[in-house]
Amino acid sequence: MGFNRYTRTGVTASTAVVTCPADTVMIVIGTTIANTSGNLTSVNILAGGANLLKSVEVGEGSAIVPIGGEQKVVLVTGDSLVVEATDAVDVHVSVLEQAV
């Protein structure tokens, strides 16, 4: 347990970037989403089935940091951090994992 990172590249369809395993709590301490397509893309982020971001536009060649700084998200057993985009994005998620 401890610090870890999860990445997915070329995400368009609904993709679980990270899922919290059994007997574990994850604190998402940072998330970066980079638009790797040649177009404006719209991004959704869900955690545990609830929307964190809905239809946020990310410009061509740009990135957003929706989780980080003072914003943290807790995932419990079975929760997933899911990213959806209209065009390709790369996603990097940093977490702190702790056994419970």
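Exposed, here, means over 50% relative accessible area. Asp 23 has a relative accessible area of 53%, so Asp 23 counts as exposed. That residue is one stop on this quick tour of a predicted model, a protein with nine strands and zero helices. Below are the overall build, the core, and a handful of residues to click on.

**Overall build**

- Reading from the N terminus, the element order is β-β-β-β-β-β-β-β-β.
- The radius of gyration comes out at 13 Å, and a compact globule with 100 residues would be near 13 Å, so the two agree.
- Lay the C-alpha trace along its principal axes and you get a span of about 45 × 25 × 20 Å.
- Take the contacts between residues at least 6 apart in sequence: 78% of them join residues at least 24 apart.

**Surface and charge**

- Buried residues make up 35% of the 100 in the protein.
- The protein exposes about 5,100 Å², and carbon and sulfur atoms supply 51% of that area.
- On the charge side there are 4 positive and 9 negative charges, and their mean positions sit 4 Å apart.

**The largest nonpolar core**

- As background, nonpolar side chains in soluble globular proteins tend to be buried together.
- The largest nonpolar core here has 22 residues, and Leu 75 and Val 83 are the ones touching the most other members.
- Two or more residues each come from β2, β3 (24-35), β4 (41-47), β6 (63-67), β7 (73-76), β8 (80-85) and β9 (89-99).
- Strand β9 gives the largest share of this core, with four residues.
- Setting aside residues up to four places away in sequence, Val 83 touches Val 11, Ala 13, Ser 14, Thr 15, Val 17, Ile 33, Val 43, Asn 44, Ile 45, Val 89 and Val 91.

**Thr 15, a partner of Val 83**

- Thr 15 belongs to strand β2, which covers residues 15-19.
- Beyond its neighbours within four places in sequence, Thr 15 is in contact with Arg 8, Leu 81, Val 82 and Val 83.
- Ile 33 also turns up among the residues that Val 83 touches, yet the C-alpha atoms of Thr 15 and Ile 33 are separated by 13 Å, with their positions 18 residues apart along the chain.

**Leu 96, in β9**

- Leu 96 is part of strand β9, the strand with the largest share of the core.
- Leu 96 itself is at 28% relative accessibility, which means it counts as partly exposed rather than buried, the cut-off for buried being under 20%.
- Asn 4 is 92 residues away from Leu 96 along the chain, but their C-alpha atoms are separated by 6.3 Å.
- Leaving out residues up to four places away in sequence, Leu 96 touches Gly 2, Phe 3, Val 25, Met 26 and Ile 27.

**Two positive phi values**

- Most residues other than glycine have a negative phi.
- Asp 23 goes the other way: it is not a glycine, and its phi is positive at about 60 degrees.
- You'll find Asp 23 in the loop between β2 and β3.
- Ser 55 has a positive phi too, near 55 degrees, and is likewise a residue other than glycine.
- Ser 55 lies within a strand, namely β5 (residues 50-58).
- With 45% relative accessibility, Ser 55 counts as partly exposed, whereas Asp 23 is exposed.

Note on methods: Residues numbered from 1 in each chain as written. Predicted model: local features only at pLDDT ≥ 70, side-chain atom pairs only at ≥ 80, totals over all residues. Heavy atoms only, no water. Contact = heavy atoms within 4.5 Å. Core = buried A, V, L, I, M, F, W, Y, C linked by side-chain atoms within 4.5 Å. Buried < 20%, exposed > 50% of the residue type's maximum accessible area, 1.4 Å probe, protein only. Rg over C-alpha atoms; globule rule 2.2 N^0.38 Å. Areas by Shrake-Rupley, 256 points an atom, 1.4 Å probe, with all protein chains shown as cover. Lys, Arg positive; Asp, Glu negative; His and termini not counted. Charge placed at Lys NZ, Arg CZ, Asp CG, Glu CD.
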